[in-house]
Structure formats: structure tokens, C-alpha cells
Amino acid sequence: MDALYIYRGDSLEGKAGEALIREAAALYAESERIRLSEGYSIEREKHGRPYLSNGLFSFSVSHSAGLWGCLFSRERACGMDLQVMKNLNASRILKRFFTEEEYAYADRSGLEGFYRLWTRREAFGKWTGRGMFSELPDLRKEKGVWEGCPYFFSESRISVRKEGKEPGELCLDFFVTVLRAQLSFPEVRMFGEPNEKSKKEVRDVSGAETPTDFENSAFESALKKLSYRDMTEQEIRKYLQKKGFSRESSSEAVWLLKEYRYIDDARYAFQYFRYGIEKRKGRDRIRRELLQKGAEESSIEKGWNDYLDEYGEPDEEAMAEEEAQAVLRSAGFGDEEPHKEIPDKILGRIARRLSSKGYRPAVIYQVLDHFR
């Protein structure tokens, strides 16, 4: 039997998140009478999907606003996403990430329609292991077949009473979507509850209301800026500071933008590498520019590795030669004069151009030797 394990608390990423996976996996294995050896590890596939090294069962993890969930399944793969529901103007997000038909669907369905599409997008990317920005099916449909594998989306909500609130007072509402080869929603099991105040109730998605209210002009301002171009997290923070928003409201806006994957420095780095290499920039210059934009080394490295996975190692020597040819043409050396001696002054111009483009000295020397 598949099961969704839910935990409420802080520090849900990194080592703390892995510890939760292991704790929940042990509980699931015990309930299914599976022998879970102590020597297993949690590995990651090429695009980041986690899996157990012993392959006994699959799992999918998500967390939002202090709530952590892990879906376990005996199937080959599964996907799950949960998001805290906040009242917001989602039109810009929909226009950027969804088809016209999906946008119209969410516009008719309201906030619930937006969260249904968004969590389905995340869950599908986790199920395929290719991420939420890969090729996607029509997310309006609750079932389909993908590369010969049938799948079903099923949904529910989890309501969590805020710490210190009495029953009936303000709750956080979470929209949860799971994707498996069967339609029913899995059994939900709470574990590791810190105290009585963190009690949760699961209720069906039909007819449920969203009790939270969220108005954040910093978030709206950031969305408007991002509708024109992508930005790093640090760029967004500087932009909001320049606009006069407080540190608290800016931090809340950035948190929400990251929750919805509207800003993602690793994705930004991947796209920046792709664009820069198309413009014949060297890898070192692209890295410097990303650092100047505030991207962290870890995000830059992930973006570079994602680029290598998608496109392979770029041929910097060939790129540098194309750049050198452009310099020669501007200096009056056409292709019809391949054997004409090139003055040192022009070679120096080539060297300076290649250096400014971020090519390594070894590549520059190779190109210069080719034209001498």
C-alpha cells in the first residue's frame, strides 16, 4: 500500500531532510513488512530525482512553509508536490509557465485551479525525473499515458493550525497532488509531531475554502519585474530594496518566489550558460558574470552541469576561431585571402578580443598559432 508521510517542523532541507526521509522510510518499510537494511544510501539521478540505493520502493519529497511530505510507493516511480495556499494574483506566473488553454482553465477555476496546475507540474516532473521545466502533458487532464506508462493525478488538502491558535482559528491550507499509476489518494500518516498544537486534519479538496489571506506588494512588484526578464535572487533583493520595501517584506516575497520556482539561480545559470555560449563567450567569463549577478558557486556549478548534460562540452577552440575570423573580417582580411600575412597588430587585437570574451590563455595561444 502506498502512503504519504507528513511532518511539521523547521530545517527541512539538506541533512535534516535526509534524516526525515530515512525516518519515514523506516516507518513505511515496517508497515509493509519490508526489510530495510541499514547500509542503503539516498542517491540522485542525473536531473536530481532522489532514490534509494537498494531499490526496494520509490519515493517523492516536497515541503512548503514548514510542512514536509514524503510519498512512498511500490511502483517504479511516483511524484508528489505540496504547496501552502496563499491568496495572490497568479496571472503572471500562469502566462509565463503554462499554455493558453491551461491559463484559461485556471482563470475560470480561481486560486484552486492555479494550485492544481502548479502542483501537477511539479509532481509530473518528479515522476519522470526530468524536472518541472521539461516537456509536459496537458495538466488539465487527471490521467494520461506518457512514454507508454499510464498515470493519474489525485489531490487533497491538508490544514495545519498555526502555532498558538485555538481550534477554529486561522489555519494554513496546503494543496497536495500525487501522481501514480492509480487514481485513489494514498493513506496519509503523520509522524514526529512536536506537540498538541501541531495537530493536522486532512479533508477532501471539494468545497474546501482557503482561510489564508496574503497581500504582499513586494511580491507583486517582483513579479512585474520578472515578467520582463529572469533575475537572480540577489538581483531581486537589490531591486526590492531600491524600490523601498522593508527587509521583512522583501524576504517574504523572495521566499514565495522561490516556493513557486519563479526564481531559481541554478536554472538561471543554466540559461545564462546557454545564451553566453551562443554568443561565443568563454566559460570563465560567463562564470564571472554570474558571480557579479549574485549567483552562488553551487548554483553556477549546477547550471553548468545541467548544460553539459543537455548540450555536451562546448568546443571553445572552434568558438574562439570564429571570433578571431570576425576580427579579421573587420580588419579587411577576407576568406579569399587565407595565406595573407597577418600583422602582429591584428593578432594583438584578436588576443585582446578573446581575452575579453573569457577564453583561457591556452585556447588563445592555439588560435594565434593557427593564424601565424
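**Salt bridges and a buried aspartate**

Okay, let's start at the front of the chain: D2 counts as buried, at 7% relative accessibility. Keep in mind that this is a predicted model.

So where does D2 sit? You'll find D2 in the segment before β1, the strand that covers 3-8. And what does D2 touch, once we set aside residues up to four places away in sequence? The neighbours are Y28, F72, S73, R74, E75, R180, Q182, P186 and E187. Two of those contacts deserve a closer look. The side chain of D2 has a polar contact of 2.8 Å with the side chain of R180. Then there's R74, whose backbone nitrogen lies 3.4 Å from a polar atom of the D2 side chain.

Right, on to salt bridges in general. How many are there in the whole structure? The search finds 23. I'll walk you through three of them and then a network.

Take R280 and E322 to begin with. Their side chains meet in a salt bridge, N to O at 3.5 Å. R280 is in the loop between α8 (265-278) and α9 (283-292), while E322 is in helix α11 (residues 316-330), so this pair ties together parts that are 42 residues apart in sequence. As for exposure, R280 is partly exposed at 26% relative accessibility, and E322 is partly exposed too, with a relative accessible area of 44%.

Next up, K302 and D306, with a salt bridge of 3.1 Å, N to O, between the side chains. Here both partners lie in helix α10 (residues 297-311), four residues apart, which is about one turn of the helix. Buried or partly exposed? D306 counts as buried, at 19% relative accessibility, because the cut-off for buried is under 20%. K302, on the other hand, is partly exposed at 41%.

My third pair is E316 with R360, where the side chains form a salt bridge at 3.4 Å, N to O. We're back in helix α11 with E316, and R360 comes from the loop between α12 (344-356) and α13 (361-371), so the pair ties together parts 44 residues apart in sequence. E316 is buried, with a relative accessible area of 10%, whereas R360 is partly exposed at 35% relative accessibility.

Last thing, the network. Which residues get joined up through shared salt-bridge partners? That would be E112, R116, R120, E155, R157 and D173, all linked into one network.

That's what I've got, thanks.

Technical notes. Residues are numbered from 1 along each chain as its sequence is written. This is a predicted model: local features need pLDDT of at least 70, side-chain atom pairs count only at pLDDT 80 or more; totals for chains, interfaces and linings use all residues. Side-chain values use heavy atoms; hydrogens and water are left out. A salt bridge is a side-chain nitrogen of Lys or Arg within 4 Å of a carboxyl oxygen of Asp or Glu. Helices (H or I, at least four residues) and strands (E, at least two) are DSSP runs, numbered from the N terminus. Buried means under 20% relative accessible area, exposed over 50%, partly exposed in between (1.4 Å probe, protein chains only). A polar contact is a pair of N or O atoms within 3.5 Å; within protein, one must be able to donate a hydrogen and the other to accept it, and residues adjacent in sequence count only if both atoms are side-chain atoms. Contact means heavy atoms within 4.5 Å.
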